[in-house]
Amino acid sequence: MPITYINPDNVNIVGNPDIKNSENYNFDLKWEYFPTSKEMFAVNLFAKRINNAIERSLTASGNATGSTITFFNAKKADLLGVELEGILNLNRISESLKNFTLGANATIMYSDVERSQEQLNMEEPVWFKNTGEKLRKRGLQGASPYTINADLKYEIKNRNNLSQTFSLVYNVSGSKIYATGGTGTDNYYEKPFHQIDFVYQGQLTKNWNVKFAVQNILDSKYKILLGDKNYLPLNLENGNNTLTDYYRGVTFNFTVGYTF
């Protein structure tokens, strides 16, 4: 909708009534192997074509922040990638580690966008019309070049065959476009954010269970920065390339569940 929404952090978001639905075409080729009932290895090759891909953009405006977030359709976007996944029981190393499993998942992805005329009008510097220069190729907004997830899990069962699981979970994504830039500036990038969580799940009875989690133990700083490949030189003071940066804090969750 063509209305302005103001976030608590004073970022303005304006809807685009001309946005079209995307059309996604996917191809996946997957190979899986299960050495044991608790282990698995998989390789997945994938390709995607997204017509009218919807992308977040940061446009100049006359408000207090000097910029507004809105959305545009790209003409199309192509993505290619490989996903590797594995779960390994650590009794392969030592029988004393039989209750431990190590899991990991990694995705490497390439993306390429063909901009729409609306995006070209917004992103191109005004002098391009005279010089005939072209914008550099770029990836799809929001698409990370790599993602890594891993977890170390310890599971025990009591004499009633009720399980308790302790897990350390890690994940990170590579630098990705948070919002496309405009009028000669580079894009804004969401920088890698390393997160480690601790999760405990316990089955108290056949029906009752509990879950306790400590999320974002590292409390890394979340940052969105302007890239350094601008089409014109910018004299930015220290920190002026920052759209936002803050600590998300550590979160504690405790849940009690009952299954009928």
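This passage describes the fold of a predicted protein model, from its overall dimensions to a few single residues.

The protein contains two helices and 17 strands. Its C-alpha trace spans about 80 × 40 × 40 Å along the principal axes. The radius of gyration is 23 Å, whereas a compact globule of 260 residues would have a value near 18 Å. Of the 260 residues, 31% count as buried. The exposed surface of the protein amounts to about 16200 Å². Carbon and sulfur atoms supply 54% of that surface. Contacts were also sorted by distance along the chain. Among contacts with a separation of 6 or more, 63% join residues 24 or more positions apart. The charged side chains comprise 27 positive and 26 negative ones. The centres of these two sets lie 4 Å apart.

Strand pairing was examined around strand E14. Strand E14 covers residues 208–215, and strand E13 covers residues 195–203. The two strands run antiparallel and are joined by six bridges. They form a hairpin, with four residues between them. One bridge can be named by its residues: Tyr200 has Phe212 of E14 as its partner. Strand E14 also pairs with strand E17, which covers residues 251–258. This pairing is antiparallel too and extends over eight bridges. Here Val214 has Phe252 of E17 as its bridge partner. Strand E14 thus has pairings with E13 and with E17. In a regular strand, side chains alternate between the two faces of the sheet.

Two buried residues were then considered, one in a strand and one in a loop. Ser167 belongs to strand E10, which runs over residues 163–173. Ser167 counts as buried because its relative accessibility is 9%, under the 20% cut-off. Residues up to four places away in sequence were set aside when its contacts were listed. Ser167 then touches Leu152, Lys153, Asp197, Phe198 and Val199. Leu152 and Lys153 fall in strand E9 (146–157). Asp197, Phe198 and Val199 fall in strand E13 (195–203).

Gly227 is found in a loop, between strand E15 (221–226) and strand E16 (242–247). Gly227 also counts as buried, because its relative accessibility is 13%. Leaving aside neighbours within four places in sequence, Gly227 is in contact with Asp186, Asn187 and Tyr189. Thr36 is 191 residues away from Gly227 along the chain. The C-alpha atoms of Gly227 and Thr36 are separated by 46 Å.

Backbone angles were considered last. Most residues other than glycine have a negative phi. Asn161 has a positive phi, near 65 degrees. Asn161 lies in the loop between E9 and E10. With 53% relative accessibility, Asn161 counts as exposed, because the cut-off for that class is over 50%. Asp219 likewise has a positive phi, near 50 degrees. Asp219 is found in the loop between E14 and E15. At 25% relative accessibility, Asp219 counts as partly exposed. That value falls in between the buried and exposed cut-offs, which are under 20% and over 50%. Asn161 and Asp219 are both loop residues. In accessibility, Asn161 is exposed, whereas Asp219 is partly exposed.

Definitions and conventions
Residues numbered from 1 in each chain as written. Predicted model: local features only at pLDDT ≥ 70, side-chain atom pairs only at ≥ 80, totals over all residues. Heavy atoms only, no water. Rg over C-alpha atoms; globule rule 2.2 N^0.38 Å. Buried < 20%, exposed > 50% of the residue type's maximum accessible area, 1.4 Å probe, protein only. Contact = heavy atoms within 4.5 Å. Areas by Shrake-Rupley, 256 points an atom, 1.4 Å probe, with all protein chains shown as cover. Lys, Arg positive; Asp, Glu negative; His and termini not counted. Charge placed at Lys NZ, Arg CZ, Asp CG, Glu CD. Pairing = 2+ DSSP bridges.
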